[in-house]
Amino acid sequence: MEKEDVLCSVRKYVYEQFSSDPTGHDYYHMKRVAHWAKEIALDEEADPYTAELAGWLHDVGDTKLYDDTEAAYRELIDFLTSLEVEAQKRRELLTIIKSISFSKGQIPATIEGKIVQDADRLDAIGAVGIARTFAFGGMRNQLIYDEAADSLTSIQHFYDKLLKLSDGMYTRRAQIEANQRHAFMENYLNQFYSEWNSAERAGE
Ligand code: ADP
Ligand code: NI
């Protein structure tokens with residue numbers, strides 16, 4: 001199969017698996033990660049085809065989203081085989097998929113893996129990252145914010161993870177984008193506290 005045909009089939013596969021996900025891991029998350037992975041790969045002179053494919057597929061089998069991770073991987077391998085993706089490429093993709101999640105704390109071995117991790121981390125910060133955080137927090141029954149700060153809230157997640165991500169980018173292109181998104185999150189938090197505290201300032 002031609003590369004374009006493989007990508008087209010993979011897009012449909014991902015759409016079927018993720019189109020109704022309400023936790024921030026929806027089809028459009030995969031689309032943005034695939035897009036950024038390809039852009040960064042072109043900038044890094046890495047393999048844009050592998051980066052884009054792995055971007056589309058990077059959340060397949062994630063334990064947060066799948067009851068049976070091994071079954072999801074087996075199904076993916078069968079699907080890639082049906083698209084005539086060769087064995088070495090299938091292994092490469094699976095290795096990237098298994099290693100990119102920042103919650104798993106691994107550093108991907110290949111440049112394409114590092115690129116997909118950067119693209120995934122970019123989508124966790126900035127305006128879209130903020131939206132995904134509150135969506136995820138709602139799904140987990142977390143509060144938006146708690147002044148007592150003794151429970152895990154979505155605002156707390158900014159400090160636990162989101163504000164640390166821009167320090168961990170591997171690639172130049174992702175670093176430039178991350179700096180801008182990081183600054184936006186800092187502005188967002190300032191505005192958030194200003195609005196949150198307005199009742200207090202009014203003495204209510
Ligand atoms: P991955 O992108 O590898 O799936 P995560 O599941 O940790 O990594 O993150 C997915 C999205 O959910 C991100 O936008 C992240 O900020 C958000 N998220 C993860 N944990 C929390 C949490 N405790 N509260 C709010 N948002 C969270
Ligand atoms: Ni992801």
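Hi everyone, this is a short walk through one predicted model, from its domains to its core and then to a few helices and loops.

First, some housekeeping. Since the model is predicted, local features need pLDDT of at least 70 and side-chain atom pairs count only at pLDDT 80 or more, while totals for chains, interfaces and linings use all residues. Residues are numbered from 1 along each chain as its sequence is written, and chains are lettered from A and ligands numbered from 1 in the order in which they are written.

Let's start with the domains. The assignment gives domain 1 (1–102) and domain 2 (124–204); bounds like these come from an automatic or database domain assignment. Taken over C-alpha atoms, the centres of domain 1 and domain 2 are 27 Å apart. Where they meet, seven residues of domain 1 are in contact with eight residues of domain 2. By contact I mean that two C-beta atoms, placed from the backbone, lie within 7 Å. On the side of domain 1 that touches domain 2, there are two nonpolar, two polar and three charged residues. For those classes, Ala, Val, Leu, Ile, Met, Phe, Trp, Tyr, Cys and Pro count as nonpolar, Asp, Glu, Lys and Arg as charged, and the others, Gly among them, as polar.

Now, the core. I'll call a residue buried if 20 or more other C-beta atoms lie within 10 Å of its own, exposed if 12 or fewer, and partly exposed in between, with C-beta atoms placed from the backbone. A nonpolar core is then a set of buried Ala, Val, Leu, Ile, Met, Phe, Trp, Tyr and Cys residues joined through C-beta atoms within 7 Å. The largest one here has 39 residues, and those with the most contacts inside it are Ala 37, Ala 54, Leu 57, Ile 115, Val 116 and Ala 119. Among the helices that each supply at least two residues are H1 (3–18), H2 (27–44), H3 (48–57), H6 (111–122) and H9 (172–196). Helices are DSSP runs (H or I, at least four residues), numbered from the N terminus. Which helix gives the most to this core? That would be H2, with seven residues. Both domain 1 and domain 2 give residues to this core, so it lies between them.

Let's zoom in on helix H6. Its twelve residues should span 16 Å at 1.5 Å a residue, and its end C-alpha atoms are indeed 16 Å apart; the expected span is 1.5 Å times one less than the number of residues. Eleven of the twelve residues of H6 are buried, including charged ones such as Glu 112, Lys 114 and Arg 121. They pack against H2, H3, H5, H8 and H9.

Two H6 residues are worth clicking on. Ile 115 lies in H6 and counts as buried, with 33 C-beta neighbours inside 10 Å. Its C-alpha atom is separated by 6.7 Å from that of Ala 41, although the two are 74 residues apart along the chain. Leaving aside neighbours within four places in sequence, Ile 115 is in contact with Ala 37, Ile 40, Ala 41, Glu 44, Ala 46, Ala 51 and Thr 171. Ala 119, with residues up to four places away again not counted, touches Val 33, Trp 36, Ala 37, Ile 40 and Gly 55.

On to H9, which has 25 residues and reaches 36 Å from its first C-alpha to its last, close to the 36 Å expected. Its buried residues are Ala 174, Glu 177, Ala 178, Arg 181 and Met 185, and what covers them includes H2, H6, H7 and H8.

Next is H7, with 14 residues and a reach of 20 Å, close to the 20 Å expected. Which residues of H7 are buried? They are Gly 126, Gly 129, Ile 130, Arg 132, Thr 133 and Gly 137. These cover an arc of only 165° around the axis (from the directions to the C-beta atoms), which puts them on the same side of H7. The face turned away carries the exposed residues Ala 127 and Ala 131.

Last, two loops. Most residues other than glycine have a negative phi. Asn 141, in the loop between H7 and H8, has a positive phi near 60°, and Asn 141 is exposed, with 6 C-beta neighbours inside 10 Å. Glu 84, in the loop between H4 and H5, has a positive phi of about 65°; Glu 84 is exposed too, with 10 other C-beta atoms within 10 Å.
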